[in-house]
Amino acid sequence: MTKTEQLDKLARDGEERLLLARALDKLETARRKNIPAATGFLSPAERVSVENLIAANGHPPHLFFGGYPGAERTICLFLPDWQEPEDALTLAMADEGPVKALRCTYNADGGITHRDILGAILGQGITREKVGDLLVGPESCDVLVLEELADYLLLHLDSAGRTRLKTGPISLSQISPPEVRIKTIRDTVATPRLDALVACAFSTSRSKAADFISAGRVQLNHRECTKADKAVEEGDVLSCRGLGKAAVRELGGRSKKGRIMVVLERYL
């Protein structure tokens, strides 16, 4: 299958086509030159698109990496035939890969938010795919970036709004991701449909959940889904714009009334 045929088959719109074309170029570089080749940082939805591309190309060796375990935004590093993913991960975590970390420190009274730091970076003409997760704390923010951008930000990332920043390099091993807070939800549903699980996850009625779905506010595994009767499986991730994200941890047992028991984890 040619590159054009692959893109015609996999891309749903022009934006996804451009994303996949760039990823395919990196894959071809790794194969042709037999060297590692990395995409920019991918959102969870973009990662799903690239995973589909990888599957369509016979699962070439690759590594998704965001600088620390559990990163939301990750690069896809396509690997040469002489490198195993485990070895590539070891090198990356030893700061010998394409992802670097910076730490911005500031006065706790500044009230710095994720939006403030991201705005300060993008306001310099930097595109989003060059920046990974921003781990904001009371007095510092760890910023994951592509290697090519690190030196520039060390020189120019000195303020966010009216708050002064002191930016310096840190190793990936020094990253301090914030604690993830979750709420475990145990409930029962008549059927494992998307509207029923969204209603459970976000404490709303099934009819209201169906309205969210039809309005395009709900994503199933990081892709918009407008079918209220879509079957949900164990391990799936649900998100609703304005309400948050939840994961389906258990699905299957029956209650005495014959309803399906579910366990969800909602991220707070």
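At 25% relative accessibility, aspartate 95 counts as partly exposed. Aspartate 95 belongs to helix H4, which spans residues 85-96. Its phi is near 65°, a positive value in a residue other than glycine. These values, like those that follow, come from a predicted model.

A second residue with positive phi is asparagine 34, where the angle is near 60° and the residue is again not glycine. Asparagine 34 sits in the loop that runs between H2 and strand E1 (37-38). With a relative accessibility of 28%, asparagine 34 is partly exposed.

**The protein as a whole**

The protein contains 8 helices and 15 strands. Of its 268 residues, 43% count as buried. Along the principal axes, the C-alpha atoms fill a box of roughly 60 × 55 × 35 Å. Among contacts with a separation of 6 or more, 59% are between residues 24 or more positions apart.

**Four residues and their accessibility**

The table lists the residues treated singly in this report.

| Residue | Place | Relative accessibility | Class |
|---|---|---|---|
| Asparagine 34 | loop between H2 and E1 | 28% | partly exposed |
| Asparagine 57 | loop between H3 and E2 | 15% | buried |
| Aspartate 95 | helix H4 | 25% | partly exposed |
| Phenylalanine 212 | helix H8 | 10% | buried |

**Helices H2 and H3**

Helix H2 covers residues 14-33 and helix H3 covers residues 44-56; their axes come within 10 Å and cross at roughly 55°. At that angle H2 is oblique to H3. The crossing of H2 past H3 is right-handed. On the H2 side the contact is made by Glu16, Leu19, Leu20, Ala23 and Leu24, and on the H3 side by Glu46, Ser49, Val50 and Leu53. By class, these residues divide into 6 nonpolar, 1 polar and 2 charged.

After H3 comes asparagine 57, in the loop between H3 and strand E2 (62-65). Asparagine 57 has a relative accessible area of 15%, so it counts as buried. Leaving out residues up to four places away in sequence, asparagine 57 touches Gln6, Leu24, Leu27 and Arg31. One of these, Leu24, also takes part on the H2 side of the contact between H2 and H3.

**The four-stranded sheet**

Four strands form an open sheet in the order E5-E6-E4-E9, with antiparallel pairing. E5 and strand E9 (166-170) are the edge strands, each pairing on one side only. From one strand to the next, the twist averages 25°. Helix H5 (residues 114-122) packs on this sheet and touches E5 and E6; the direction of H5 makes about 145° with that of E5.

Strand E6 spans residues 140-146 and is mostly covered, with 6 of its 7 residues buried. Which strands pair with E6? Strand E4 (residues 99-105) is joined to E6 by 7 bridges, and the two run antiparallel. Within this pairing, alanine 101 has leucine 144 of E6 as its bridge partner. Strand E5 (residues 131-136) is joined to E6 by 4 bridges, also in antiparallel fashion. Here leucine 135 stands opposite aspartate 142 in E6. E5 and E6 form a hairpin, with 3 residues between the two strands.

**Phenylalanine 212**

Phenylalanine 212 lies in helix H8, residues 206-214. Its relative accessible area is 10%, and therefore phenylalanine 212 counts as buried. What does phenylalanine 212 contact, leaving aside its neighbours within four places in sequence? The residues in contact are Thr204, Arg217, Val218, Cys240 and Leu243. Valine 198 is 14 residues from phenylalanine 212 in sequence, and their C-alpha atoms are 9.1 Å apart in space.

Definitions and conventions:
Residues are numbered from 1 along each chain as its sequence is written. This is a predicted model: local features need pLDDT of at least 70, side-chain atom pairs count only at pLDDT 80 or more; totals for chains, interfaces and linings use all residues. Side-chain values use heavy atoms; hydrogens and water are left out. Buried means under 20% relative accessible area, exposed over 50%, partly exposed in between (1.4 Å probe, protein chains only). Two strands pair if DSSP finds at least two bridges between them. Axes are lines fitted to C-alpha atoms, for helices over the stretch in contact, and angles run from 0 to 180 degrees between N-to-C directions. Angles under 35 degrees count as roughly parallel, over 145 as roughly antiparallel, 65 to 115 as roughly perpendicular and the rest as oblique. A crossing is left-handed if the near helix is turned anticlockwise from the far one by less than a right angle, and right-handed if clockwise. Contact means heavy atoms within 4.5 Å. Ala, Val, Leu, Ile, Met, Phe, Trp, Tyr, Cys and Pro count as nonpolar, Asp, Glu, Lys and Arg as charged, and the others, Gly among them, as polar.
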